Amino acid sequence: MTATEAARRRVPGGSAPPVLSLRDVVVEYAAETTVRAVRGVSLDIAPGEVVGVAGESGCGKSTLAYAMTRLLRPPGAVTEGSVTFTPAGSEEAVDVLALDGQELQAFRWARIAMVFQSAMSALNPVVTIERQISDVFAAHGVKLSRAAKHERCADLIELVGIDRARLSSFPHELSGGMRQRVMIAMALALRPDVIIMDEPTTALDVVVQREILAEIDRLRDMFGFAVVFITHDLSLLLEISDHIAIMYAGRVVEYGEAAEILARPKHPYTVGLIDSFPSLRGARRVLRGIPGSPPDLSRPVHGCSFEPRCRHAFAPCPTVDPALRVPGRASRAPGDADPDRTVSPGSALTSVACLLHETRFRPGGPPADLHTPSHPSRAEVDRATAAGLTGAPTGSLGGSTRETSTETEVRA
Ligand SMILES: Nc1ncnc2c1ncn2[C@@H]1O[C@H](COP(=O)(O)OP(=O)(O)OP(=O)(O)O)[C@@H](O)[C@H]1O
Ligand code: SF4
Ligand SMILES: [Mg+2]
């Protein structure tokens, strides 16, 4: 499915309350110097939708997933904010961070399940697949006869496209793709409302990756669970997600509908991510990397965390911390100290944390060259090549004097 097709797809959930709602979540790892890995994330997940979370390694994607599922282990802890779960059709919200003991055990996996980054290390190597799936039932007090349990396990692995004869296999006897399918089967065992998938297909080849994504989409249509899909591969997310949250240095810096983010990225970091991957269908284009590296989250971040890498940085960026807002909604109410309001996550509008979109700093709006075309014309590529810019600083192409990354020319 293309991003456009994904956008045409009705965003599930409609006006139903979000099944999972995060507000200003902060996660810290208490070490010699405390790492503030998630720095105030708010996110709504509607019933049945796919929310993609993308961002570079170390930006806090997995930490956020562990916070949502209460799987964080010391020294990690949620130090601020709230996580609320509201089952579909219910008005009663559950305070996820307050769950304890048996309540927490009953909640986890039955309501929110997780497919981990590495299936090989998540599965127990010395236990058969059947035992591992059966353990999910046992841990949640699902009482079944031996024969009924065997049938349930067999049904589950068949659901994800594995022959039931494989129930007696050990993880090392399965391919990487099959192991990841087993993880998905285990996540489905108790029919959760939300499945968090943390890089479920990263280690797999493209063909197997596509098969598994199609499988997830089919299962979601069958069972109606919502998916939070985490990856550093934005091109993948643009195809499968209803909404996308772009994370940078522990924050969501852009949030919106997938097709809108692809067509009109608003944060310079999102533009950089989109320009970092080749298109399979588009014209020949220049790939632009993102220079530099993310900040060290064990030190306080002043101003915009992306400032040292941003080719659009301007005067206020080193000192003013941009909040996630909907651009162009800056009507100031009389006496209102904050003209650009923060937005409720889950809004149909794209929100962005970048001062270029704040009217108090740029009354005329962001610069015209912000939305770097993701498919530059052939002439632009040829001009760049003729000028010897391939592999050279990108200033002449992107209008930047700050960038020092290299470019790669690809023929798509
Ligand atoms: N146990 C820990 N102790 C201290 N710091 C940690 C710990 N686990 C993660 N971090 C730090 O928290 C930050 C976020 O890490 P996290 O694993 O959530 O990133 P990620 O976006 O999932 O990265 P990747 O794409 O590589 O999986 C990183 O700076 C990381 O070094
Ligand atoms: S706030 Fe400034 S530094 Fe940050 S992304 Fe926007 S323009 Fe770049
Ligand atoms: Mg991770």
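Colleague: What makes the largest nonpolar core a core, and which residues have the most contacts inside it?

Modeller: A nonpolar core is a set of buried Ala, Val, Leu, Ile, Met, Phe, Trp, Tyr and Cys residues joined through C-beta atoms within 7 Å, placed from the backbone. Buried means that 20 or more other C-beta atoms lie within 10 Å of the residue's own; exposed means 12 or fewer, and partly exposed is in between. The largest such set here has 96 residues, and Ala67, Ala185, Val194, Val228 and Ile246 have the most contacts inside it. Helix α7 gives the largest share of this core, 8 residues. Helices (H or I, at least four residues) and strands (E, at least two) are DSSP runs, numbered from the N terminus.

Colleague: On what kind of model does this rest?

Modeller: It is a predicted model: local features need pLDDT of at least 70, side-chain atom pairs count only at pLDDT 80 or more, and totals for chains, interfaces and linings use all residues. Residues are numbered from 1 along each chain as its sequence is written, while chains are lettered from A and ligands numbered from 1 in the order in which they are written.

Colleague: Which residues does Ala67 touch?

Modeller: Contact requires C-beta atoms, placed from the backbone, within 7 Å. Leaving out residues up to four places away in sequence, Ala67 touches Val25, Val27, Val38, Leu72, Val78 and Val83.

Colleague: Why is His232 called partly exposed?

Modeller: His232 has 18 other C-beta atoms within 10 Å, so it falls between the exposed and buried limits. His232 sits in the loop between β8 (226-231) and α9 (234-240). Not counting residues up to four places away in sequence, His232 touches Ala54, Gly55, Glu56 and Ser57. The C-alpha atoms of His232 and Gly52 are 9.9 Å apart, with these positions 180 residues apart along the chain.

Colleague: What makes a residue part of the shell around ligand 1, and which come closest?

Modeller: The C-beta atom, placed from the backbone, must lie within 6 Å of the molecule. For ligand 1, 16 residues surround it, the closest being Tyr29, Ala37, Ser57, Ser62 and Thr63. The largest share, 3 residues, comes from α2.

Colleague: How does the shell around ligand 1 divide by class?

Modeller: It has 7 nonpolar, 8 polar and 1 charged residues. Ala, Val, Leu, Ile, Met, Phe, Trp, Tyr, Cys and Pro count as nonpolar, Asp, Glu, Lys and Arg as charged, and the others, Gly among them, as polar. The shell around ligand 2 divides into 10 nonpolar, 2 polar and 1 charged.

Methods. Two residues are in contact if their C-beta atoms, placed from the backbone, lie within 7 Å.
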